[in-house]
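Here is a short note to read alongside the model. Keep the structure open and check each point as you go.

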Amino acid sequence: MSSPNAESTAFRSALEVIRAVEPRVADAIGAELADQRESLKLIASENYASPATLLAMGNWFSDKYAEGTVGRRFYAGCQNVDTVEALAAEHAKELFGAAHAYVQPHSGIDANLVAFWAVLADRVEAPALKKAQARHVNDLTEEDWFTLRRELGNQRMLGMSLDAGGHLTHGFRPNISGKMFDQRSYGTDPVTGLVDYDKVAEAAREFKPMILVAGYSAYPRKVNFRIMREIADSVGATFMVDMAHFAGLVAGKVFTGDFDPVPHAHIVTTTTHKSLRGPRGGMVLCGPELADQVDRGCPMVLGGPLPHVMAAKAVALAEARRPDFADYAQRIVDNAQALAEGLLRRGAKLVTDGTDNHLVLIDVSGYGLTGRQAEQALLDSGIVTNRNSVPQDPNGAWYTSGIRIGTPALTTRGLGVAEMDATAELIHTVLNQTVSGSNADGTPSKAKYVLEPALADKVSHQAAELLSAFPLYPSVTLS
Ligand SMILES: *Cc1c(COP(=O)(O)O)cnc(C)c1O
């Protein structure tokens with residue numbers, strides 16, 4: 001480890017240099033650290049990257065164009081970008097046991113775009129080229145192109161429904177995947193809240209998707225990827241897993257065997273900044289069959305790679321290969337389970353009655369609130385969460401009936417199971433004391449609520465006190 005002194009000096013000097021040009025940016029960066037230090041961050045998709053990861057992003061790599069892949073660039077002078085891209089890919093392959101890793105995607109959505117287009121190119125474009133007796137896209141006739149465009153745009157995707165915890169990019173309207181693909185979704189069992197594999201198999205048999213997608217942003221349980229692969233195979237679908245949320249649990253070997261997506265999926269996508277604790281970015285893992293198509297992500301759907309972020313990915317992935325990352329991953333789940341138990345004991349209603357992973361979904365209708373009211377009341381009390389739909393949500397995707405909470409960030413800070421019980425007490429206290437409000441005309445509001453400011457204040461102080469024993473970036477002092 002570097003000396004704490006070096007970390008402080010690095011960030012202080014960086015701010016001094018920025019301050020000389022635009023002091024308001026330096027101030028905002030400092031304020032962001034202060035805010036993050038003070039808030040009880042339970043947003044399931046956020047984390048705190050290491051100083052080394054953060055520092056790897058602020059440098060000359062940002063100036064380089066490097067379209068292409070390692071050793072095959074469309075720009076000259078990419079030898080150092082080659083070094084960091086190859087390192088990031090190597091660490092990713094070793095960490096996840098994958099045959100191929102593509103570390104250029106700029107975000108999770110970009111990783112999914114690369115994966116979708118790689119599969120479409122493999123399964124639609126390649127056979128169409130053959131059928132047209134063409135060796136290259138340039139050999140296609142106008143009519144071939146027309147057919148190709150029509151087929152590229154009308155393939156079938158089966159993914160988890162949004163309100164069961166799936167992601168927008170798995171075929172939902174606001175995302176291009178929902179416009180291009182003919183999409184259908186599988187939900188969860190209305191009683192248990194769990195994925196019903198028989199129902200997934202039935203939907204697959206009826207719908208015959210080209211791509212079966214597993215993965216989620218708001219499902220608090222494990223998914224059996226071996227069974228999902230069998231379902232995909234039974235209908236000739238390509239099996240894709242989007243592990244954006246739980247990649248850290250895969251990296252830390254908490255999800256193994258049937259629950260490790262890498263040996264079971266044809267293609268795996270992820271973010272690098274959620275439980276994996278790296279820089280903001282994405283990544284695609286696959287076997288040799290799809291590797292060439294995946295490597296065409298740029299320029300197919302991505303702009304030039306971000307070499308500074310790939311450098312930070314290499315640093316974060318090196319960190320994730322150390323034994324203490326496995327400890328971290330296990331503590332994420334221990335903490336989520338302690339939080340769930342603490343909430344259940346106090347009478348909260350949870351989707352699936354608990355958790356096997358890093359997140360807990362509270363059904364706040366049990367407190368007579370919408371997700372929007374609950375989210376805001378918690379925020380007033382110094383607790384940062386986000387509202388989220390619950391299965392068959394009567395309040396839709398805007399107001400919702402759920403609060404999603406996750407433990408990757410607080411676990412990085414060092415909080416443990418005792419603090420999770422204290423956190424459960426704070427959350428329950430706020431939600432229990434918040435009352436749904438009404439509109440001016442007396443009708444019930446889905447947004448307004450009443451919470452005694454004195455109580456919000458008291459909980460804010462308790463949250464700050466809980467955090468004070470676990471300073472964030474203890475090695476960094478900015479003044
Ligand atoms: C967060 C998330 C994404 C999108 O990641 P971005 O980096 O925000 O683009 C994609 N899929 C799933 C399942 C996610 O949870």
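Is Asp356 buried, partly exposed or exposed? Asp356 is partly exposed, with a relative accessible area of 23%. Keep in mind that this is a predicted model.

1. **A bridge across the chain.** Asp356 forms a salt bridge with Arg221. Their closest N and O atoms are 3.0 Å apart. The pair ties together distant parts of the chain, 135 residues apart. Asp356 sits in the loop between helix H14 (323–345) and strand E11 (359–363). Arg221 sits in the loop between strand E7 (211–215) and helix H9 (225–234). The partners fall into two classes: Arg221 counts as buried at 15% relative accessibility, while Asp356 at 23% is partly exposed. The cut-off for buried is under 20%, so Arg221 falls below it.

2. **A bridge within one helix.** Now look at helix H9 itself. The side chains of Asp233 and Arg229 meet there in a salt bridge, at 3.0 Å from N to O. Why about one helical turn between them? Because the two residues are four apart in helix H9. Asp233 is partly exposed at 44% relative accessibility. Arg229 is also partly exposed, at 23%.

3. **A salt-bridge network.** Arg346 forms a salt bridge with Asp421, with 3.2 Å between the closest N and O atoms. This pair also links distant parts of the chain, 75 residues apart. Arg346 is in the loop between H14 and E11. Asp421 is in helix H18 (residues 417–433), and its relative accessible area of 23% makes it partly exposed. Which residues make up the network here? Arg345, Arg346, Asp421 and Glu425 are linked by salt bridges. The structure holds 18 salt bridges.

4. **The ligand and its shell.** There are 13 residues around the ligand. Gly108, Ile109, Asp242, His245 and Lys274 come nearest. The shell divides into three nonpolar, eight polar and two charged residues. Helix H5 (residues 108–131) gives the most to this shell, with three residues.

5. **Polar atoms at the ligand.** Start with the backbone. A backbone N or O atom of Gly108 lies 2.8 Å from an oxygen atom of the ligand. For Ile109, a backbone N or O atom is likewise 2.8 Å from a ligand oxygen. Then turn to a side chain. A polar side-chain atom of His167 is 3.4 Å from a nitrogen atom of the ligand. How much of the ligand does the protein bury? Taken alone the ligand exposes 380 Å², and the protein buries 85% of that.

6. **No disulfides.** The structure holds zero disulfides. Why is Cys78 not bonded to Cys298? The closest cysteine sulfur to that of Cys78 is in Cys298, and at 11 Å it is too far for a bond. A disulfide needs the sulfur atoms within 2.5 Å. From the other side, Cys298 is in no disulfide, and its nearest cysteine sulfur is that of Cys78. Cys78 is buried at 4% relative accessible area, and Cys298 is buried at 3%.

7. **A cis peptide bond.** Stay at Cys298 for a moment. The peptide bond from Cys298 to Pro299 is cis, with omega near 15°. Pro299 lies in helix H12 (residues 297–300).

8. **Positive phi values.** Which backbone angles deserve a look? Phi of Arg277 is near 65°, a positive value in a residue other than glycine. Arg277 lies in the loop between strand E9 (267–271) and strand E10 (282–286). Tyr473 has a positive phi of about 50°, although it is not a glycine. Tyr473 is in the segment after helix H19 (453–468) and counts as buried at 17% relative accessibility.

9. **Buried or exposed in a helix.** Compare Thr53 and Glu206. Thr53 lies in helix H3 (residues 51–56) and is buried, at 0% relative accessibility. The Thr53 side chain makes a polar contact with the side chain of Ser50, at 2.9 Å. Glu206 is in helix H8 (residues 197–207) and is exposed, with a relative accessible area of 58%. The C-alpha atoms of Glu206 and Val235 are separated by 9.4 Å, with their positions 29 residues apart along the chain.

Notes. Residues numbered from 1 in each chain as written. Predicted model: local features only at pLDDT ≥ 70, side-chain atom pairs only at ≥ 80, totals over all residues. Heavy atoms only, no water. Near = heavy atom within 4 Å. Polar contact = N/O pair within 3.5 Å; in protein donor to acceptor, adjacent residues only side chain to side chain. Areas by Shrake-Rupley, 256 points an atom, 1.4 Å probe, with all protein chains shown as cover. Nonpolar A, V, L, I, M, F, W, Y, C, P; charged D, E, K, R; others polar. Salt bridge = Lys/Arg side-chain N within 4 Å of Asp/Glu carboxyl O. Buried < 20%, exposed > 50% of the residue type's maximum accessible area, 1.4 Å probe, protein only.
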